[in-house]
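Visitor: Got a minute to walk me through this one? I'd like to start with what "buried" is supposed to mean here.
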Amino acid sequence: MSADSGAQDGGAHGTYRGDGDGEETTVGEPQDAARVFVELADALVAPLDVVDFLHLLTDRSGTLLGARAAGLALADQRGSLQLMARTGEADPVAFLEQQLRSGPGHDVFTSGLAVVDVDLATVGERWPDLAGAAQAAGPGRVTAVPLRWRGAVLGSLAVLVPEQVRLSRADVAVGQAMADVATLGLLQARSTQEQAALSEQLQTALQDRIVVEQAKGVVAATTGTPIREAFRRLRRTARRRGVALTVLAADVVDGRLDEDLLDGY
Amino acid sequence: MPPVTVAGILTEIGRGDPDESELTRRLAHSCAAALPGSGVGLSLTTPDGPAGVLAATQGVGAAIEELQLTLGVGPCRDAWESGRPVLHADLLATGTARWPAFVSGAAAAGVCAVFAFPVRVGAVRLGVLDVSRTRVGELDTTELATALSYADAAVAVLVHLQAHHTVRGGRPPAVALIEDSAEVHQATGVVSVQAVVTVTQALGLLQARAYSSGRTLREVARDVLRGEMTFTRTDDGIDDR
């Protein structure tokens with residue numbers, strides 16, 4: 001974790017970077033968070049539409065943290081972030097987008113660390129390209145957290161709160177938790193869309209095993225050897241020829257017997 | 001609702017010793033009943049490809065079979081060629097690039113999703129079971145399990161039809177499960193060499209022997225592997241002893 005000017009606080013989610021002044025407030029009541037998580041959990045186990053879910057999550061994140069606006073972005077696997085869902089006021093839109101290219105969202109993406117509680121009035125100092133959009137957004141403070149999965153950063157969640165609000169450590173933790181739930185939803189949705197691929201893989205593996213058994217029978221009968229020897233020869237020939245066992249087995253059963261299989265040694 | 005089993009399906013469709021076409025008809029309809037909102041088609045395949053529709057439920061089931069037969073392309077064909085399930089929960093989205101004519105025809109029939117399951121036992125390729133729907137969406141876990149069970153039942157039925165042809169006279173035997181055991185598969189390979197037939201025919205021969213001797217497929221397979229039974233091609237056909 002890199003050092004930074006400003007308050008250092010080794011929280012569970014990495015370096016806590018902030019301006020360090022202003023009183024901390026915890027936004028929202030605990031039961032609000034509980035209600036939101038129940039709502040999100042319900043959405044996760046139901047048939048999942050990713051776009052819908054991420055929009056819901058972004059909206060609730062904004063509500064929980066008392067934000068003026070919130071934006072969730074995903075990595076496009078080409079090196080950039082794309083805004084997937086945006087909720088709240090209209091003025092901050094350009095800011096939410098630009099910060100993905102230069103700003104908290106971008107930094108979160110490249111470092112994997114949260115950027116916490118930055119005053120929009122000061123963003124121009126850290127990210128000059130962001131100054132114009134920050135101006136247009138109106139007064140406020142921004143916090144961005146990563147969507148992370150096994151060491152990779154899949155995106156970012158940014159919230160823009162009114163200037164008098166300071167997110168506490170607990171609030172940031174809530175924000176990070178929301179980002180984690182977004183990650184889960186994203187991966188879950190992917191996995192159901194990959195149901196076809198998974199089923200294909202499983203069923204094919206089961207069938208490939210059968211083809212190998214059938215091939216053992218063919219080789220055994222052709223060479224007059226026991227099944228176990230037939231299997232040894234199949235594996236040996238596959239290695240010698242540099243082909244997959246299942247491919248060789250399929251050829252064998254189709255009647256294309258590799259003469260190497262007739263070899264006893 | 002209790003989970004569908006292959007044995008259960010075979011018992012249900014086998015009641016009263018139905019003839020060939022009735023067996024396959026019942027299979028298709030039972031499958032459709034077990035997967036509400038779906039049309040079902042069962043087609044036969046030969047080494048050269050899909051060879052004809054054995055049975056299909058009225059409406060989308062029949063429409064999809066007809067379309068694939070006419071065009072010669074589609075999920076059914078791909079499932080046969082690759083030996084893998086071909087699952088398209090959103091046909092328009094994922095199938096158009098691959099089979100534009102088929103998808104267009106399917107859409108005209110109101111079909112939004114097609115799931116094609118190869119009916120096979122390893123290298124024994126018998127046919128394809130198609131499940132079609134008029135709405136987009138994956139088969140859930142239970143539905144997938146159901147469809148796969150029906151594909152297994154289709155294996156049993158198609159091998160049965162093959163085997164029954166070689167059993168001379170007498171009451172047709174009940175459709176027996178094809179046991180998924182290594183011995184059965186190995187014996188299939190052995191018999192294909194002994195009798196100089198395809199593995200598909202070999203499996204049929206084994207099942208026929210099981211029927212005529214009143215034993216299970218696995219028991220017959222064991223005899224073959226122990227060398228206690230051989231199938232030889234003679235001028236008159238195939239002898240087993």
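Guide: Sure. Buried means under 20% relative accessible area, exposed means over 50%, and partly exposed is in between. Keep in mind that this is a predicted model.

Visitor: OK, then take Gln176(A): buried or exposed?
Guide: Gln176(A) has 0% relative accessibility, so it counts as buried.

Visitor: Where does Gln176(A) sit?
Guide: In helix α7 of chain A, which covers residues 169-193. Its C-alpha is 7.9 Å from that of Leu147(A), and the two are 29 residues apart in sequence.

Visitor: Switching to α2 of chain A. What span should that helix have, and what does the model give?
Guide: With 15 residues, 50-64, at 1.5 Å a residue, helix α2 of chain A should span 21 Å. The C-alpha atoms at its ends are 21 Å apart, so the two agree.

Visitor: Which of the α2(A) residues are buried?
Guide: Val50(A), Phe53(A), Leu54(A), Leu56(A), Leu57(A), Thr58(A), Ser61(A), Gly62(A) and Leu64(A).

Visitor: And what follows α2(A)?
Guide: Gly66(A), with a positive phi near 65 degrees.

Visitor: Let's go over to chain B. How many helices and strands are there?
Guide: Chain B has 10 helices and 7 strands. It runs to 241 residues, and 51% of them count as buried. As for contacts between residues at least 6 apart in sequence, 59% of those in chain B join residues at least 24 apart.

Visitor: What about α2 in chain B, what is its span?
Guide: Helix α2 of chain B takes in residues 20-34, 15 residues, and should span 21 Å at 1.5 Å a residue. The end C-alpha atoms are 21 Å apart, which agrees.

Visitor: What caps the N-terminal end of α2(B)?
Guide: Asp19(B) does, with a side-chain oxygen 3.3 Å from the backbone nitrogen of Ser21(B). Further along α2(B), the buried residues include Leu23(B), Leu27(B) and Cys31(B).

Visitor: Which residue does Arg25(B) meet in a salt bridge?
Guide: Glu22(B), at 3.2 Å from N to O. Both residues lie in α2 of chain B, 3 residues apart, about one turn of the helix. Arg25(B) is partly exposed at 37% relative accessible area, and Glu22(B) is partly exposed as well, at 24%.

Visitor: Now the two chains together. How much area do they bury?
Guide: Chain B and chain A bury about 2000 Å² between them, with 58% of it on carbon and sulfur atoms. Arg84(B), Glu138(B) and Gln186(B) supply 25% of what chain B buries against chain A, more than any other three residues.

Visitor: How many residues does each chain bring to the contact?
Guide: 23 from chain B and 22 from chain A.

Visitor: How many salt bridges cross that interface?
Guide: The count is 1. Arg209(A) and Asp180(B) meet in a salt bridge at 2.9 Å, N to O. There are also 6 residue pairs in polar contact between the chains, both residues at pLDDT 80 or more.

Visitor: Which element of chain B gives the most to that side?
Guide: α8(B), with 7 residues. The residues on chain B's side of the contact divide into 13 nonpolar, 5 polar and 5 charged.

Visitor: Thr188(B) is in α8 of chain B too. Is that residue buried or exposed?
Guide: Thr188(B) is at 1% relative accessibility, so it counts as buried. Leaving aside neighbours within four places in sequence, it is in contact with Val124(B), Val199(B), Ala202(B), Leu203(B) and Leu206(B).

Visitor: Last topic, salt bridges overall. How many are there over all chains?
Guide: 27. One of them pairs Arg240(A) with Asp260(A) at 2.8 Å, N to O. Arg240(A) lies in helix α9 of chain A and Asp260(A) in the segment after α10, so the pair ties together parts that are 20 residues apart in sequence.

Visitor: How accessible are those two?
Guide: Arg240(A) is partly exposed, at 40% relative accessible area, while Asp260(A) counts as buried at 10%.

Visitor: What about Arg241(A), which residue does it pair with?
Guide: Asp258(A), at 2.6 Å from N to O. Arg241(A) is in helix α9 of chain A and Asp258(A) in the segment after α10, so this pair links parts 17 residues apart in sequence. Arg241(A) is partly exposed at 45%, and Asp258(A) counts as buried at 16%.

Key
Residues numbered from 1 in each chain as written. Chains lettered and ligands numbered in written order. Predicted model: local features only at pLDDT ≥ 70, side-chain atom pairs only at ≥ 80, totals over all residues. Heavy atoms only, no water. Helix = DSSP H or I, 4+ residues; strand = E, 2+ residues; numbered from the N terminus. Expected span 1.5 Å × (residues − 1). Buried < 20%, exposed > 50% of the residue type's maximum accessible area, 1.4 Å probe, protein only. Contact = heavy atoms within 4.5 Å. Buried area = accessible area lost by both parts, 1.4 Å probe. Salt bridge = Lys/Arg side-chain N within 4 Å of Asp/Glu carboxyl O. Polar contact = N/O pair within 3.5 Å; in protein donor to acceptor, adjacent residues only side chain to side chain. Nonpolar A, V, L, I, M, F, W, Y, C, P; charged D, E, K, R; others polar.
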